[in-house]
Amino acid sequence: LALLCGTTVAAGKSPDAAAVPALIAPVPAGTTLTLDAALQLALQQAPVIRAGAAGVEAEQGPLKQAGLLPNPQIQIDIEDFGGSGPYSGTGAAQVTTGLAMPLELGGKRGARVELGRQNLASAQAGQVLLLADLGREVRVRFASALAATEIAALSRKELETAREIERTVGLLVDGGREPPLRLVTARTERA
């Protein structure tokens, strides 16, 4: 609504700013903040946005790893060493080496890649939800601040009108046209 009407809200006017954690850094007093500017600040400064991006980035690594072949394994076995008699030392040691490469059968690698893709898609969807939630929260707070600004303006006008009525009633009482009780009533209504 504020965006469509071109309305702005003075900074620091949110009625419950202390009750709710800050989405963005405070704007200096006396400056005017538009809804577009508030949304932009939230996108730049909100930690949840950086956390969502980090979650997406974290899921890209396992997806890349899932598409690669398993690492080969080197095996080394040493026997008949460090004993007594003819087996003392390392001269009689028998060393056996081997190289093993796991063969994945039954679509294991494809399943791992698909799981990685789904995890990445889930993290990306989570980031979209975070953006939507942040936008909604900024809009709600902006509307609350706008409403509080309007309520404060109406309250000032109401007080001004009550003072004017009190002044007018005071003149009428001084002129003898109204009883003094009317002045007391006007003062009570102003308070």
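Is arginine 163 buried, exposed or partly exposed, and what is its relative accessible area? Arginine 163 has a relative accessible area of 48%, so it counts as partly exposed. This residue is found in helix α4, and we will come back to its surroundings below. Please keep in mind while reading that the model is a predicted one.

## The chain as a whole

Let us start with the overall layout. The chain holds 5 helices and 4 strands. Read from the N terminus, these elements follow the order α-β-β-α-α-β-β-α-α. Of the 191 residues, 17% count as buried. Contacts across the chain are worth a look too: among those with a separation of 6 or more, 63% join residues 24 or more positions apart.

## Helices α2 and α3

Helix α3 covers residues 47-66, and its end C-alpha atoms are 29 Å apart. How does that agree with the span to be expected from 20 residues at 1.5 Å a residue? The expected value is 28 Å, so the two agree.

Four residues of α3 are buried, namely Ile49, Gly52, Val56 and Ala66. Looking down the axis of α3, you will find these buried residues within an arc of 95 degrees, which means that they line one face of the helix. Turned away from that buried side is a face with the exposed residues Pro47, Glu57 and Lys64. As for partners, the buried residues of α3 pack against α2 (35-45) and against α4 (108-174).

Helix α2 has buried residues of its own: Leu35, Ala38, Leu39 and Ala42. They are on the same side of α2, because the arc they cover around the axis is only 100 degrees. The general background is helpful here: an α-helix has 3.6 residues a turn, so residues three or four places apart point the same way.

## How α4 and α5 meet

Two packed helices are described by the angle between their axes and the distance between the axes. For α4 and α5, the axes come within 9 Å and cross at roughly 170 degrees. The two helices are therefore roughly antiparallel to each other.

Which residues meet across this pair? From α4 come Leu159, Ala162, Arg163, Glu166, Val169, Gly170 and Val173. From α5 come Pro180, Arg182, Leu183, Ala186, Arg187 and Arg190. Arginine 163, our opening residue, is thus among the α4 residues that meet α5. The C-alpha atom of arginine 163 is separated by 9.4 Å from that of glutamate 189, and the two residues are 26 apart along the chain.

Glutamate 166, also in helix α4, is buried, with a relative accessible area of 14%. Leaving aside residues up to four places away in sequence, glutamate 166 touches Leu183, Ala186, Arg187 and Arg190.

## Salt bridges

Side chains of opposite charge can pair when their charged atoms come close. How many salt bridges does the count come to? The count comes to 7 salt bridges. Three of the pairs are set out here, with the N to O distance for each.

| Glutamate | Arginine | N to O distance |
|---|---|---|
| Glutamate 104 | Arginine 112 | 2.4 Å |
| Glutamate 164 | Arginine 167 | 2.7 Å |
| Glutamate 166 | Arginine 187 | 3.1 Å |

Glutamate 104 has a relative accessibility of 29% and counts as partly exposed. Its partner arginine 112 counts as partly exposed as well, at 31%.

The pair of arginine 167 and glutamate 164 sits within helix α4, where the two residues are 3 residues apart, about one turn of the helix. Arginine 167 is partly exposed at 47% relative accessibility, and glutamate 164 is partly exposed at 40%.

The side chains of glutamate 166 and arginine 187 also meet in a salt bridge. This pair links distant parts of the chain, with glutamate 166 in helix α4 and arginine 187 in helix α5 (residues 180-190), 21 residues apart. Which of these two partners is buried and which is partly exposed? Glutamate 166 counts as buried because its relative accessibility is 14%, under the 20% cut-off. Arginine 187, with a relative accessible area of 44%, is partly exposed.

Finally, Arg136, Glu137 and Arg141 are linked in a network of salt bridges.

How values were computed
Residues numbered from 1 in each chain as written. Predicted model: local features only at pLDDT ≥ 70, side-chain atom pairs only at ≥ 80, totals over all residues. Heavy atoms only, no water. Expected span 1.5 Å × (residues − 1). Buried < 20%, exposed > 50% of the residue type's maximum accessible area, 1.4 Å probe, protein only. Arc of directions from axis to C-beta. Contact = heavy atoms within 4.5 Å. Salt bridge = Lys/Arg side-chain N within 4 Å of Asp/Glu carboxyl O. Axes fitted to C-alpha atoms, helices over the stretch in contact; angles between N-to-C directions. Parallel < 35°, antiparallel > 145°, perpendicular 65-115°, else oblique.
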